[in-house]
Each structure stands twice: as C-alpha cells, then as structure tokens.
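Work through the exercises below with the model open beside you. Each task is followed by a stepwise solution.

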Amino acid sequence: MSDRDCFYIADRHKTEFTYPIHCHSEFELNFTEHAAGVHRIVGDSSEIIGDYDLVLITGKELEHVWEQYECTSKEIREITIQFSSDLFSKSFVNKNQFNSIHKMLEKAQRGLSFPMQAIMKVYNWLDRLASEKQGFYAVMKFLCILYELSLYDDAKLLSSSSFAKIETYSDSRRVQKVQRYISGHYREDIRLVTLADMVGMTPVSFSRFFRLRTGKTLSDYIIDIRLGYATRMLVDSTQTIAEICYDAGFNNLSNFSRMFKRKKECSPKEFRENYRKKKVVI
C-alpha cells in the first residue's frame, strides 16, 4: 500500500485460498462470499465460515489466515481492504462523531466478525467500492462502511486478549482491579475468596457481580486468560507442551490438554503444527 493512499483494496474472484498464516502492521477489513467450508484463523480463534464472512483486524501482531479446508466453491469472491492506523489520528478519531468507530477499532485488535445483518447492510458499498474511480468518494464510502459496521454491538470478538497481547478491562473499577490482578498472577493458584476480599464483597456476591460485568464466570475467565497465554507460547516459543502448561498456570497436563481441546477443538500439538506449517510475517 502506498503511503500516499488512504487505503488499498483488492477485489478477487478465485477458486481457492492459498495464502499462509501471516500478520502485518496495516489494519484489514476482509470480506468473503461463496466460501462456505473455509477455515478461518484469527489469533487463537479457529472457525469454519459460511457463505458470507466479514472480519476486521487491527492487531498488528495478530496472525490470521483463510484456509481452503472443506470449501468446494469455484466462485469465491474476496474483497480485502487494508488501511494504515495513521488514517485515524488521535485528534481525528477521538472526536464525538467518530466515537463508535474508535471503539470498534479498539475491539478489533482481537479481530471482529460481523453478523449477517451487518454484512447485508454494507454489501452494496463493498461491491462498488473497488470500481469507484474518484478517490475522494471512495474514501467517503469506506468511512461510511466503517461507521455502519461500528453500530453493531453484536460483532463477535475472535482472539483471546492474552494471545493478541492486549489488555481489555471492564468499565467497573472493582472488576478492573481483579482483572489486573489475574493478568499479573495467572501462573499462580487464584482463589475466589482472595479476589472477593480485594473488592470488599462476599465470594457469592462477587461471583454474581463478576459474571454480570464480564459475561463469564470467574473460572471461565481465568481459564481463557491462561489458554490465551498458552496458545501464544505455542506459537512464539520452543518450549515443550508440558512446560507451557505449567508456565500458563495449569497444574495438570491432562487437564490442560482436555480444556484446550474443548475450547480450541484441537490439541495443543495440532494447534502448534497448524501455525508453524505456513506462518510468514509480512
């Protein structure tokens, strides 16, 4: 992408996906059509997509790939829009009118998958964007696409925050305090009563409060944080799976493997091999 352009767009008609797992500094909005059965990996998220898929990625170190897997379509369409973070300087994106876009770009550091309703809302703009001859109007249309997508609160976060190397905290100060403690002590034995005491609540009240504010039980939240660190170590280190298990705060290898497979639908060994097979950095 040229430094003199606001964004780069590629509108491809193809019969298969061949690009390897990769990451890059540019933000990316990726749309696929007629690609049911494709295996989409974003960070430590792994899913089989349907006929339509739209994902926004703003994490500079967040690996991603769309793999052929079980897709048999010969009429795949892929529209990829890459744009620099410089397009939205702080003095620009922090204005009230861009508040929803700013929040969406922050969330998309973990990858955001948009619901079908959102895809249908912006489909015609995406369809025509690549053929827009006037660069200024193309930028305006692109901003409209981002704004419309930012209005959908049900966009799905893909990668875990610990794998994506970002910190995400609740709006509640009490929950923030606990989340920061967990981030710093996930390798240790974390007890409910300790966390409840930190915020001056009973264990039962705190459990209910935490789930209400985060959407997860405390145990699920801790497991997800630990698994995120574990998957990152599987990708970035040469440690054995047993070493990673204990470094991530699990105290039992078979329990770690079982939880990993339940959450990721593959074993730690398979996850590591899948990444290392094709990974490149561009």
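## Exercise 1: a residue in a strand

Ile81 has a relative accessibility of 0% and counts as buried. The model is a predicted one.

Task: Place Ile81 in its strand and list what it is in contact with beyond its neighbours within four places in sequence.

Solution.
- Step 1. Find the element. Ile81 belongs to strand β7, residues 76-83.
- Step 2. Apply the cut-off. Buried means under 20% relative accessible area, and Ile81 has 0%.
- Step 3. Collect the contacts, leaving out neighbours within four places in sequence. Ile81 is in contact with Phe7, Tyr8, Ile9, Phe27, Glu28, Leu29, Leu126, Leu129 and Phe142.
- Step 4. Take one separation. Ile81 and Phe31 are 50 residues apart along the chain, and their C-alpha atoms are separated by 8.6 Å.

## Exercise 2: two exposed residues

Task: Where do Arg187 and His13 lie, and what is each in contact with?

Solution.
- Step 1. Locate Arg187. This residue is in the loop between α6 (173-185) and α7 (192-198).
- Step 2. Classify Arg187. Exposed means over 50%; Arg187 has a relative accessible area of 52% and is exposed.
- Step 3. List its contacts, again without neighbours within four places in sequence. Arg187 is in contact with Asp247, Ala248 and Gly249.
- Step 4. Add a distance. Arg187 and Ala118 are 69 residues apart in sequence, and 39 Å lies between their C-alpha atoms.
- Step 5. Turn to His13. Strand β1 (residues 7-14) holds His13.
- Step 6. Classify His13. With a relative accessible area of 65%, His13 is exposed.
- Step 7. List its contacts under the rule of step 3. His13 is in contact with Ile76 and Arg77.
- Step 8. Add a distance here too. His13 and Ala130 are 117 residues apart along the chain, with 13 Å between their C-alpha atoms.

## Exercise 3: the cysteines

Task: How many disulfides does the structure hold, and why?

Solution.
- Step 1. State the count. There are zero disulfides.
- Step 2. Recall the cut-off. A disulfide needs two cysteine sulfur atoms within 2.5 Å.
- Step 3. Test Cys6. Its closest cysteine sulfur is in Cys144, 14 Å away, so the gap is too far for a bond.
- Step 4. Test Cys144. Its closest cysteine sulfur is the one in Cys6, at 14 Å, again too far for a bond.
- Step 5. Check accessibility. Cys6 is partly exposed at 34% relative accessibility. Cys144 is partly exposed as well, at 35%.

## Exercise 4: positive phi

Task: In which loops do His34 and Lys165 lie, and what is phi in each?

Solution.
- Step 1. Take His34. The loop between β2 (27-33) and β3 (39-42) contains His34.
- Step 2. Read its phi. The value for His34 is near 60°, positive in a residue other than glycine.
- Step 3. Read its accessibility. His34 is partly exposed at 33%.
- Step 4. Take Lys165. The loop between α5 and α6 contains Lys165.
- Step 5. Read its phi. The value for Lys165 is near 65°, also positive in a residue other than glycine.
- Step 6. Read its accessibility. Lys165 is partly exposed at 46%.

## Exercise 5: the largest pocket

Task: What is the volume of the largest pocket, and which residues are closest to its centre?

Solution.
- Step 1. Give the volume. The largest pocket has about 1100 Å³.
- Step 2. Go to the centre. The lining has 34 residues, and Arg110, Leu157, Ser159, Thr168 and Lys216 are the closest to the centre.
- Step 3. Trace the elements. Those giving two or more residues to the lining include β4 (45-48), β9 (156-157), α8 (203-214) and α9 (218-236).
- Step 4. Sort by character. The lining has 15 charged, 12 polar and seven nonpolar residues.

## Exercise 6: the whole chain

Task: How compact is the protein chain for its 282 residues?

Solution.
- Step 1. Count the elements. The protein chain has 12 helices and nine strands.
- Step 2. Compare radii. The radius of gyration is 20 Å and the globule rule gives 19 Å for 282 residues, so the chain is as compact as a globular protein of that length.
- Step 3. Add the extents. The C-alpha trace spans about 60 × 45 × 30 Å along its principal axes.
- Step 4. Add burial. Of the 282 residues, 49% are buried.
- Step 5. Finish with contacts. Among those with a separation of 6 or more, 73% join residues 24 or more positions apart.

Definitions and conventions. Residues numbered from 1 in each chain as written. Predicted model: local features only at pLDDT ≥ 70, side-chain atom pairs only at ≥ 80, totals over all residues. Heavy atoms only, no water. Buried < 20%, exposed > 50% of the residue type's maximum accessible area, 1.4 Å probe, protein only. 1 Å grid on protein atoms, 1.4 Å probe; cavity = no way out; pocket = protein on both sides within 12 Å on 5 of 7 lines; lining within 4 Å. Points joined across faces, edges and corners; volume = space filled by probe spheres on them. Nonpolar A, V, L, I, M, F, W, Y, C, P; charged D, E, K, R; others polar. Rg over C-alpha atoms; globule rule 2.2 N^0.38 Å. Contact = heavy atoms within 4.5 Å.
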